[in-house]
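Subject: Structure handover

Hello,

Here is the structure we discussed, with its sequence. My notes on it follow below.

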Amino acid sequence: MEDFGYLIATVAILVGTFFSIVGIVGLVRLPDVYSRMHATGKVSTFGVVLLTVAAVFATPLAWSKALVLIALLILVGPVVSHAISSASYRLGIPMKQAVRDDLAGKRIKAPARQPQPAQAEPAE
């Protein structure tokens, strides 16, 4: 039974590492923040979850703690990615080679800055 646990841990490490490497390659290769966010989402969900599963099988960790951690990663990861992407869009960071932009006419424009009065130079 212990050998089966190590086999599962080994497979989970290999697959989790694969997802992490693919996510890092996507982070380096993809053109803009939105597509990079998609690539790093794979690392934060699949990669970390599979490495956590491997840690549970390979070490004497409790499943309950691992399940709570996995549930938090699965629930919070996409929400954080969406919040970062939404903030990037609202800041006006452009999309490269965008095929479709459903929010193009709904962007909130920042209020125009009031011109600052010229400051007088100090008298010597």
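Of the contacts in the chain with a separation of 6 or more, 61% join residues 24 or more positions apart. Please keep in mind that this is a predicted model. The chain contains three helices and zero strands, and along the sequence the pattern reads α-α-α. Of its 124 residues, 21% are buried. The accessible surface amounts to about 9800 Å², and carbon and sulfur atoms hold 68% of that surface.

Helices α1 and α2

Helix α1 covers residues 2-29, which is 28 residues. From first C-alpha to last, α1 reaches 40 Å, close to the expected 40 Å at 1.5 Å a residue. Its buried positions are Gly-5, Ala-9, Ala-12, Gly-16, Ser-20, Gly-23 and Gly-26. What do the buried residues of α1 pack against? They pack against α2, residues 33-58.

Helix α2 has 26 residues, so at 1.5 Å a residue a span of 38 Å is expected; the end C-alpha atoms lie 36 Å apart, which agrees. Buried in α2 are Tyr-34, Met-37, Ala-39, Gly-41, Thr-45, Gly-47, Val-49, Thr-52, Val-53, Ala-54 and Val-56. The buried residues of α2 pack against both α1 and α3.

One pair relates to the stretch where α1 gives way to α2. Ile-24 and Arg-36 are twelve residues apart in sequence, and their C-alpha atoms are 9.1 Å apart in space. Ile-24 belongs to helix α1. Is Ile-24 buried or exposed? Neither label applies, because its relative accessibility of 46% makes Ile-24 partly exposed, the range for that class lying between 20% and 50%.

The core

The largest nonpolar core has six residues: Ala-9, Ala-12, Val-49, Val-53, Ala-54 and Ile-70. At least two residues of this core come from each of α1 and α2. The largest share is that of α2, with three residues. Within the core, Val-53 touches Ala-12 and Ile-70, when residues up to four places away in sequence are not counted.

Helix α3

Helix α3 spans residues 63-90 and includes Ser-85. Ser-88 is found in α3 as well. Why does Ser-85 count as buried? Its relative accessibility is 18%, and the cut-off is under 20%. Ser-88 also counts as buried, because its relative accessibility is 9%.

Both serines have contacts beyond their sequence neighbours. Leaving aside residues within four places in sequence, Ser-85 contacts Tyr-34 and Met-37. With residues up to four places away not counted, Ser-88 touches Val-33, Tyr-34 and Ile-93. Tyr-34 and Met-37 are themselves among the buried residues of α2.

There is also a nonpolar patch on the surface, formed by Val-68, Leu-72, Leu-75, Val-76, Val-80 and Ile-84. Together these residues have about 520 Å² of accessible area. One of them, Val-68, has its place in helix α3. As background, nonpolar side chains in soluble globular proteins tend to be buried together. The residues of this patch, by contrast, lie on the surface.

In brief, the buried residues of α2 pack against α1 and α3, and the largest nonpolar core takes its largest share from α2.

Regards

Note on methods
Residues numbered from 1 in each chain as written. Predicted model: local features only at pLDDT ≥ 70, side-chain atom pairs only at ≥ 80, totals over all residues. Heavy atoms only, no water. Helix = DSSP H or I, 4+ residues; strand = E, 2+ residues; numbered from the N terminus. Buried < 20%, exposed > 50% of the residue type's maximum accessible area, 1.4 Å probe, protein only. Contact = heavy atoms within 4.5 Å. Expected span 1.5 Å × (residues − 1). Patch = residues over 30% accessible without salt bridge, like charges linked within 9 Å, V, L, I, M, F, W, Y side chains within 5 Å. Areas by Shrake-Rupley, 256 points an atom, 1.4 Å probe, with all protein chains shown as cover. Salt bridge = Lys/Arg side-chain N within 4 Å of Asp/Glu carboxyl O. Core = buried A, V, L, I, M, F, W, Y, C linked by side-chain atoms within 4.5 Å.
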